[in-house]
Amino acid sequence: EKVTALAGKHGVKVETFTSHTMLDIVATCNMPGFKAPTNNKGIEMLIGKAGVPQPLDVPQIPACKIKGYEMFTMKELKYPAEPTHTTKGGEREGLAILAKVCGDTKYVCGFNKTKTSSTQEHTSPKLDASLTTGLSPYLMSGAVSVRMVYHKVKAAIAGKAHTQAPESFLGQIYFREMFYILGHSTPNFDKDTNKYCLQVPWGADNAKLAAWQEGKTGYPYIDALMRQLNQTGWMHHLGRHAVACFLTRGDLWQSWEAGRDYFHKQLIDADGALNNGNWMGLAGVAPWSAPWFRIYSPIPDGKSALNVEMDGAFVRKFVPELKDMPTQYLFKPWEAPAAVQAKAKCVVGKDYPKPVVDHAKARNDNLASFKAATQARAAAAGKEPKAKAAPKARAGAKRAAVQNGPAAKKTKK
């Protein structure tokens with residue numbers, strides 16, 4: 001609106017088009033009796049009722065005979081170093097990925113977000129059930145139309161047995177739409193004062209936040225994920241679940257807004273609506289959150305819902321200090337005997353940080369604090385909260401269907 005007003009003052013005509021989402025978000029939110037959906041089934045029903053317009057045909061652009069100019073170099077743009085991510089930008093690349101994905105009907109029909117691996121790299125030459133698509137940066141930037149994705153996926157699964165939302169391919173873009181609607185219809189959606197957000201007295205410890213941001217928490221799995229983010233601009237959705245839980249209700253007790261802001265700075269698929277919605281969800285403070293007492297362990301095992309590859313290759317790549325640490329100690333190197341640490345040339349507390357907090361103690365303290373916050377909200381509303389016993393700590397979080405929401409983007413996180 002400000003851009004349009006400014007342009008109008010200078011006699012410049014502005015036309016706007018609604019195509020970044022499946023629905024016309026403004027028109028949808030202005031419908032009589034509209035109520036924003038806060039779960040996947042609700043947004044699926046809304047989309048099914050409204051219908052999704054077909055994407056426009058690709059325009060036929062005549063060949064350009066003008067000689068161009070060389071692209072700017074990173075050095076000329078004053079960047080200190082070449083980028084370390086491997087993602088190629090542009091519509092052509094995004095459409096090629098979409099064609100590869102939808103051309104593999106077995107992959108599309110069997111896609112289940114909760115079965116994919118959190119220790120996944122962003123790009124892979126071959127699709128398999130453990131991988132996500134890598135389309136999120138192209139959807140965020142508008143290089144690929146979400147309406148095109150919707151219709152091509154619908155065509156790929158038509159008449160075939162396939163997974164269902166919210167875990168399915170379509171379920172993921174339903175969450176994307178839901179967060180756009182919530183972002184438009186909810187005042188202060190980007191603040192913890194919005195009507196959906198539970199008020200929690202988060203801490204404000206800059207040292208803990210910095211350790212998390214830099215991948216120096218002393219928990220190798222968490223640190224590898226954060227270093228992957230810093231080096232590549234990307235992290236698997238379930239990885240986003242893990243690091244968001246660790247920063248907020250799981251271990252460090254820091255505000256989801258601090259994590260949200262750092263993700264928005266670092267991610268190549270950073271999207272405001274999804275980033276806010278996913279971080280609220282993963283911090284346990286939103287109606288679309290999983291039960292708040294389900295805490296991911298930062299020391300995963302083979303049964304973890306985070307689907308961690310236990311061979312340690314991912315950790316060794318992003319936390320090279322631990323490359324020679326025996327696999328049995330890789331995810332908890334502080335338990336390695338001193339002689340083992342010395343042989344691996346990684347003495348905990350010297351070459352690699354000690355854990356920034358004791359997970360078991362932090363988990364129990366945080367659960368008590370979070371429960372108090374839910375009780376305070378219930379008391380303010382004149383209601384008695386339902387009592388639920390928090391489960392005992394264990395190495396792997398209880399396997400459960402995980403919402404996109406990391407994005408999502410959940411941005412998943």
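Begin at Asp 365, which is partly exposed because its relative accessible area is 38%, a value between the limits of 20% and 50%. The model on screen is a predicted one.

**Helix H17**

Select Lys 361 together with Asp 365: their side chains meet in a salt bridge, with 2.8 Å from N to O. Both residues belong to helix H17, which covers residues 359–380, and they stand four residues apart, about one turn of the helix. Lys 361 has 53% relative accessibility and therefore counts as exposed.

**The network around Arg 260**

Move next to Glu 257, Arg 260 and Asp 261, which salt bridges with shared partners join into one network. Within this group, display the closest N and O atoms of Arg 260 and Glu 257; they are 3.9 Å apart and form a salt bridge. Both residues lie in helix H12, three residues apart, or about one turn of the helix. Arg 260 has a relative accessible area of 10%, so this residue is buried.

A further stop is the pair Lys 332 and Glu 335, whose side chains form a salt bridge at 3.7 Å, N to O. Lys 332 counts as partly exposed because its relative accessibility is 31%, and Glu 335 is likewise partly exposed, at 46%. The count of salt bridges comes to 11.

**An arginine without a salt bridge**

Select Arg 147, in helix H7 (residues 146–157). Which side chain of opposite charge is nearest to Arg 147, and how far away is it? The nearest is that of Asp 24, at 6.6 Å; Arg 147 is buried yet has no salt bridge. The distance to Asp 24 exceeds the 4 Å limit for a salt bridge, and therefore the two are not paired. To see what surrounds Arg 147, display its contacts beyond four places in sequence: Thr 18, Ser 19, Thr 21, Met 22, Leu 23, Val 52, Pro 53 and Pro 55.

**Aromatic pairs**

Now colour the aromatic side chains; a search of the whole structure finds 18 aromatic pairs. One of these is Phe 175 with Phe 179, a stacked pair with 6.5 Å centre to centre and 25° between the planes. The two residues are four apart in helix H8 (residues 169–185), so about one helical turn separates them. Both are buried.

Continue to Trp 212 and Phe 263, which also form a stacked pair, at 6.1 Å centre to centre with 10° between the planes. This pair links distant parts of the chain: Trp 212 is in helix H9 (residues 206–214) and Phe 263 in helix H12 (residues 256–266), 51 residues apart. Trp 212 has 0% relative accessibility and so counts as buried; Phe 263 is buried too, with a relative accessible area of 0%.

Return to Phe 175 and Phe 179 and add Phe 189, Tyr 196 and Trp 288 to the selection: these five residues form one aromatic cluster.

**A nonpolar surface patch**

For the last stop, show the molecular surface and select Phe 72, Leu 77 and Tyr 79. Together they form a nonpolar patch on the surface, with about 350 Å² of accessible area. Phe 72 is found in the loop between helix H3 (40–50) and helix H4 (91–102). Is Phe 72 buried or exposed? With 59% relative accessibility, Phe 72 counts as exposed, because the limit is over 50%.

Technical notes
Residues are numbered from 1 along each chain as its sequence is written. This is a predicted model: local features need pLDDT of at least 70, side-chain atom pairs count only at pLDDT 80 or more; totals for chains, interfaces and linings use all residues. Side-chain values use heavy atoms; hydrogens and water are left out. Patches are made of residues with over 30% relative accessible area and no salt bridge: like charges are joined within 9 Å, nonpolar side chains (Val, Leu, Ile, Met, Phe, Trp, Tyr) within 5 Å. Accessible areas come from the Shrake-Rupley method with a 1.4 Å probe; for residues, only the protein chains shown count as cover. Buried means under 20% relative accessible area, exposed over 50%, partly exposed in between (1.4 Å probe, protein chains only). Lys and Arg count as positive and Asp and Glu as negative; His and the chain ends are not counted. Contact means heavy atoms within 4.5 Å. Rings of Phe, Tyr and Trp (its six-membered ring) pair if their centres lie within 6.5 Å; planes under 30 degrees apart count as stacked, over 60 as edge-to-face and the rest as tilted.
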